[in-house]
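Grab a coffee and work through these exercises with the model open beside you. Each one has a task, followed by a solution in steps.

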Amino acid sequence: MRTDRLVAVLLMLQRREQVTAAEVARELEVSERTARRDLDALAMAGVPVYSTQGRGGGWRLVGGARTDLSGLTAGEARALFLVAGPASAATPAVKAALRKLVQALPEPFRAQAEAAASSLVMDPRRWGSSRVEHRPPRFLDDLQDAVIRGVQVRLGYVDSKGAETERTVHPLGIVAKGPAWYLVSHTETGRRTFRIDRVTSADPTGDPVRRPEDFDLAESWREIADEIDRKRTPLEVQAVCAPHAIGILRIGFGDRLEVGGTTTDGRIDVVIRGHDDYTLAGELAGLVEWLEVTGPPGVRDHLASIGNALVERYS
C-alpha cells in the first residue's frame with residue numbers, strides 16, 4: 001500500500017503544478033501527517049520534489065520534472081512488467097520497451113518493477129503434451145503492422161484443401177488461439193478469418209481500411225469461435241449423469257458440455273456435442289458407470305456395439 005501511495009503522489013505532482021499535504025490527504029483518503037510523510041519519502045528517495053512554505057505554498061517537482069509513467073497507477077505499472085520476464089510470450093520489442101520503462105522509474109519503485117518482471121513463468125503446454133516450440137508465423141508482424149496503420153493488404157493464401165488464392169482484405173485485428181494465429185478481416189464477401197501460418201504473401205496497398213463502425217474484435221472473435229465450434233461438433237447427445245460425475249465430464253468435454261437441471265431420480269440432464277455418432281460413442285463408452293445416453297438412437301446403437309465387442313473380447 002505504501003508503494004501504491006507514493007506512485008499516486010508522484011502522479012499527482014505530474015498532473016498539477018503544485019499540491020498541498022491537505023490535497024494529497026483528501027485524494028488518497030489518508031491523514032495529513034501520512035501525506036507529509038509520503039512527500040518527504042519521495043524527496044529522500046531522490047525524486048526531485050521540494051516544498052515551499054507560507055501562504056500559497058505546497059510541493060512541486062523541480063523544473064516540472066516528469067517520468068514516463070504519466071497516467072499509470074502502481075498496479076498498472078506492475079502489470080506491465082509482469083509481461084517483460086525472460087520466460088514470457090512477449091515479443092522482443094515489448095520486452096525491450098519495458099526494460100527501458102523500468103529504468104525511467106524512480107529508484108524506490110524500480111526494485112518492485114524488476115521483481116515483477118521475474119516473478120511469472122507462463123507454460124502453455126498441458127502435462128504430457130509435446131515440447132514442440134511453436135514459432136510465430138512468417139507474416140505475423142507485417143499483418144499486425146497493417147492492422148495498426150489501418151491499411152489494406154493484398155493477401156496470398158492457401159486454404160485447408162490446398163487451394164491457392166489472392167485477394168485484397170481489410171485487416172481488422174489479430175487473434176491468438178492456442179499456438180495458432182488468425183487474421184480477422186473484412187472482404188468483398190463479408191467478414192473472413194485467415195490462419196496466418198497459411199498466408200503466403202502480405203503486401204500493403206496503402207489504401208485505408210474500411211472498418212465497420214460497430215466492430216469489436218473481442219465480440220467478433222466470440223462469434224467466430226462459436227460458429228467454428230458448431231461446425232466442428234454439429235452432433236448433440238442427450239444424457240443423464242450421476243451428480244458426482246459432472247466434474248469428470250467437465251474435464252473431459254470442456255465447452256462441449258452443457259449442464260441442465262435435476263431429474264426426478266436425482267440425476268443431472270446434460271448435452272454433449274461431438275463430431276459424429278461413432279466418434280462420440282467412443283468418447284462416452286468409458287463413462288457408462290455414471291452416464292446414460294438417451295439420444296440420438298445412432299449413438300446408443302454404437303454404444304451397444306462397443307459393449308458387445310468388449311464382452312466378446314474380454315469375457
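**Exercise 1. Place H275.** Is H275 buried or exposed, and what does its side chain pair up with?

*Solution.*
- Start with the surface: H275 is exposed, at a relative accessible area of 53% (exposed is over 50%, buried is under 20%, partly exposed is in between, with a 1.4 Å probe and protein chains only).
- Now find the spot in the fold. H275 sits in the loop between β10 (268–274) and α10 (277–284); helices here are DSSP runs of H or I with at least four residues, strands are runs of E with at least two, and both are numbered from the N terminus.
- List the neighbours. Skipping residues up to four places away in sequence, H275 touches R232, T233, P234 and L235, where contact means heavy atoms within 4.5 Å.
- Check the side chain: a polar contact of 2.8 Å runs from H275 to the side chain of D276. (A polar contact is a pair of N or O atoms within 3.5 Å; within protein, one must be able to donate a hydrogen and the other to accept it, and residues adjacent in sequence count only if both atoms are side-chain atoms.)
- Finally, try a distance: H275 and D229 are 46 residues apart in sequence, with 9.9 Å from C-alpha to C-alpha.

Before going on, a word on the ground rules. This is a predicted model, with residues numbered from 1 along each chain as its sequence is written, and side-chain values use heavy atoms, leaving out hydrogens and water. Local features need pLDDT of at least 70 and side-chain atom pairs count only at pLDDT 80 or more, while totals for chains, interfaces and linings use all residues.

**Exercise 2. Get the overall picture.** How many helices and strands does the protein have, and what percentage of its residues count as buried?

*Solution.*
- Count the elements: there are eleven helices and eleven strands.
- Of the 315 residues, 34% count as buried.
- Look at the contacts between residues at least 6 apart in sequence: 58% of them join residues at least 24 apart.

**Exercise 3. Walk from α2 into α3.** Which residues of α2 are buried, and what is the phi of E29?

*Solution.*
- In α2 (residues 21–28), the buried residues are A21, V24 and A25.
- Look down the axis of α2: these buried residues fall within an arc of 100°, so they line one face of the helix. (The arc is that of the directions from the helix axis to the C-beta atoms.)
- Step off the end of α2 and you meet E29, in the loop between α2 and α3.
- E29 isn't a glycine, yet its phi is positive, about 60°. E29 counts as exposed, at 73% relative accessibility.
- Carry on into α3 (residues 32–44), where you'll find T34. T34 is buried, with a relative accessible area of 14%, and its side chain makes a 3.0 Å polar contact with that of S31.

**Exercise 4. Hunt for aromatic pairs.** How many aromatic pairs are there?

*Solution.*
- Set the rule: rings of Phe, Tyr and Trp (its six-membered ring) pair if their centres lie within 6.5 Å; planes under 30 degrees apart are stacked, over 60 edge-to-face and the rest tilted.
- The count comes to two.
- One is Y157 with F194, edge-to-face at 5.0 Å centre to centre and 80° between the planes. Y157 is in β3 (residues 151–158) and F194 in β6 (residues 190–195), 37 residues apart; both are buried.
- Then comes Y182 with W221, a tilted pair at 5.4 Å centre to centre and 40° between the planes. Y182 lies in β5 (residues 180–187) and W221 in α8 (residues 217–232), so the pair ties together parts 39 residues apart in sequence. Both Y182 and W221 are buried.

**Exercise 5. Map the largest nonpolar core.** Which element gives the most residues to this core?

*Solution.*
- Define it: a nonpolar core is a set of buried Ala, Val, Leu, Ile, Met, Phe, Trp, Tyr and Cys residues joined through side-chain atoms within 4.5 Å.
- The largest core has 19 residues, and L249, F253, V270, I272, L284 and L291 touch the most other members.
- Two or more residues come from each of β8 (235–241), α9 (246–253), β10, α10 and β11 (291–295). β8 gives the most, with four.
- A second, separate core of 17 residues includes A21, A35, A41 and V49.

**Exercise 6. Find the cis peptide bond.** Which residues does a cis peptide bond join?

*Solution.*
- The cis peptide bond joins G295 and P296, with omega about 0°.
- P296 is in the loop between β11 and α11 (297–314).
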